[in-house]
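Hi,

Here is the structure I said I'd send over. Have a look at it first, and then read on for what turned up.

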Amino acid sequence: MKNLISVLSFILITTGCGIKQYSVKKGEKIKQGIAGQVFELTGNQMPSPDRPRNTEGTPIKATVYVFELTNHHEQIRESGVYTTINTRKITAIKTTANGEFKIALTEGVYSLFVKVEEGYFANLYDEKMNIHPVTIKKDELTTTKIKVDYKAAY
């Protein structure tokens with residue numbers, strides 16, 4: 001019985017537990033999901049009278065991961081990146097050379113991460129310490145910007 005429960009739990013987890021994802025054909029417009037851009041900030045970001053600050057960053061090619069809503073307190077974080085994420089991955093997408101991406105998703109609340117060499121990066125939180133939460137509403141395209149700045153000095 002214990003093995004049967006383990007097998008059924010594994011099947012539920014790996015098959016998506018009923019979360020649907022739209023399949024988008026090349027060139028098709030996404031009407032519901034997330035659209036955004038990924039930027040990177042590195043080096044010295046301290047204010048200086050002789051050097052203007054680049055607060056936006058540089059658009060980068062990256063992989064954006066969408067997970068179930070993920071809380072900071074349930075994850076393992078080292079040196080500014082998450083090495084372990086204990087929620088289910090929904091999907092991942094590579095950005096364009098300009099850091100732009102669009103992901104079709106069903107209604108719900110998700111967490112966004114960017115894959116970096118050391119793990120997964122995210123630096124936005126809500127009042128409950130949910131990591132980069134993004135709410136998808138019916139027939140709406142939610143926009144977001146992701147700044148990867150764990151290598152920057154402030």
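Before the counts, a word on terms: helices (at least four residues) and strands (at least two) are DSSP runs, numbered from the N terminus. Also keep in mind that this is a predicted model.

On that basis the protein chain has 1 helix and 11 strands. The order from the N terminus is α-β-β-β-β-β-β-β-β-β-β-β, so the helix comes ahead of the strands by the numbering used here. Of the 154 residues in the protein chain, 38% are buried. The chain exposes about 9800 Å², and carbon and sulfur atoms supply 53% of that area. Take the contacts between residues at least 6 apart in sequence: 73% of them join residues at least 24 apart.

Now the inside. The largest nonpolar core has 20 residues, and V38, L105 and I146 have the most contacts inside it. Which elements give two or more residues to this core? They are β1 (33–44), β3, β7 (100–104), β8 (108–116), β10 (133–136) and β11 (141–153). The biggest share comes from β8, with 4 residues. If you click on V38, look for what it touches beyond four places away in sequence: T58, P59, I60, A62, V64, T95, G99, F101, V114, I146 and V148. A further core of 8 residues lies apart from the largest one, and Y65, Y82, I85 and A122 are among its members.

The aromatics are worth a few minutes. There are 7 aromatic pairs in total. In one of them, F67 and Y120 sit edge-to-face, 5.7 Å centre to centre with 85° between the planes. F67 belongs to strand β3 (residues 63–68) and Y120 to strand β9 (residues 119–121), so this pair ties together parts that are 53 residues apart in sequence. Are these two buried or exposed? Both F67 and Y120 are buried.

Y120 also pairs with F113, again edge-to-face, at 6.3 Å centre to centre and 75° between the planes. F113 is buried too, like Y120. Put together, ring pairs link Y65, F67, Y82, F113 and Y120 into a cluster. And there is one more thing to see at Y120: K115 lies over the face of its ring, 4.8 Å from the ring centre.

On to charges. Side chains of opposite charge can pair when their charged atoms come close. How many salt bridges does the structure hold? The structure holds 2.

One salt bridge joins K145 and E56, with the closest N and O atoms 3.1 Å apart. K145 is in strand β11 and E56 is in the loop between β1 and β2 (58–59), so the pair ties together parts that are 89 residues apart in sequence. K145 counts as partly exposed, at 49% relative accessibility, and E56 is partly exposed as well, at 29%.

The other salt bridge is between R88 and E68, at 3.4 Å from N to O. Here R88 lies in the loop between β5 (81–84) and β6 (89–94), while E68 lies in strand β3, so the pair ties together parts that are 20 residues apart in sequence. R88 counts as buried, at 15% relative accessibility, whereas E68 is partly exposed, at 27%.

For a long-range link, try T142, which lies in strand β11. T142 and Q32 are 110 residues apart in sequence, yet their C-alpha atoms are 7.7 Å apart in space. Setting aside neighbours within four places in sequence, T142 is in contact with G33, I34, A35, V134, T135 and I136.

Last, two backbone spots. Most residues other than glycine have a negative phi. M129 has a positive phi, near 65°, and is not a glycine. M129 is in the loop between β9 and β10 and counts as partly exposed, at 28% relative accessibility. D139, also not a glycine, has a positive phi of about 60°. You'll find D139 in the loop between β10 and β11, where D139 is exposed, with a relative accessible area of 56%.

Cheers

Methods. Residues are numbered from 1 along each chain as its sequence is written. This is a predicted model: local features need pLDDT of at least 70, side-chain atom pairs count only at pLDDT 80 or more; totals for chains, interfaces and linings use all residues. Side-chain values use heavy atoms; hydrogens and water are left out. Rings of Phe, Tyr and Trp (its six-membered ring) pair if their centres lie within 6.5 Å; planes under 30 degrees apart count as stacked, over 60 as edge-to-face and the rest as tilted. Buried means under 20% relative accessible area, exposed over 50%, partly exposed in between (1.4 Å probe, protein chains only). A charge sits over a ring if NZ of Lys or CZ of Arg is within 6 Å of the ring centre and within 35 degrees of the ring normal. A nonpolar core is a set of buried Ala, Val, Leu, Ile, Met, Phe, Trp, Tyr and Cys residues joined through side-chain atoms within 4.5 Å. Contact means heavy atoms within 4.5 Å. Accessible areas come from the Shrake-Rupley method with a 1.4 Å probe; for residues, only the protein chains shown count as cover. A salt bridge is a side-chain nitrogen of Lys or Arg within 4 Å of a carboxyl oxygen of Asp or Glu.
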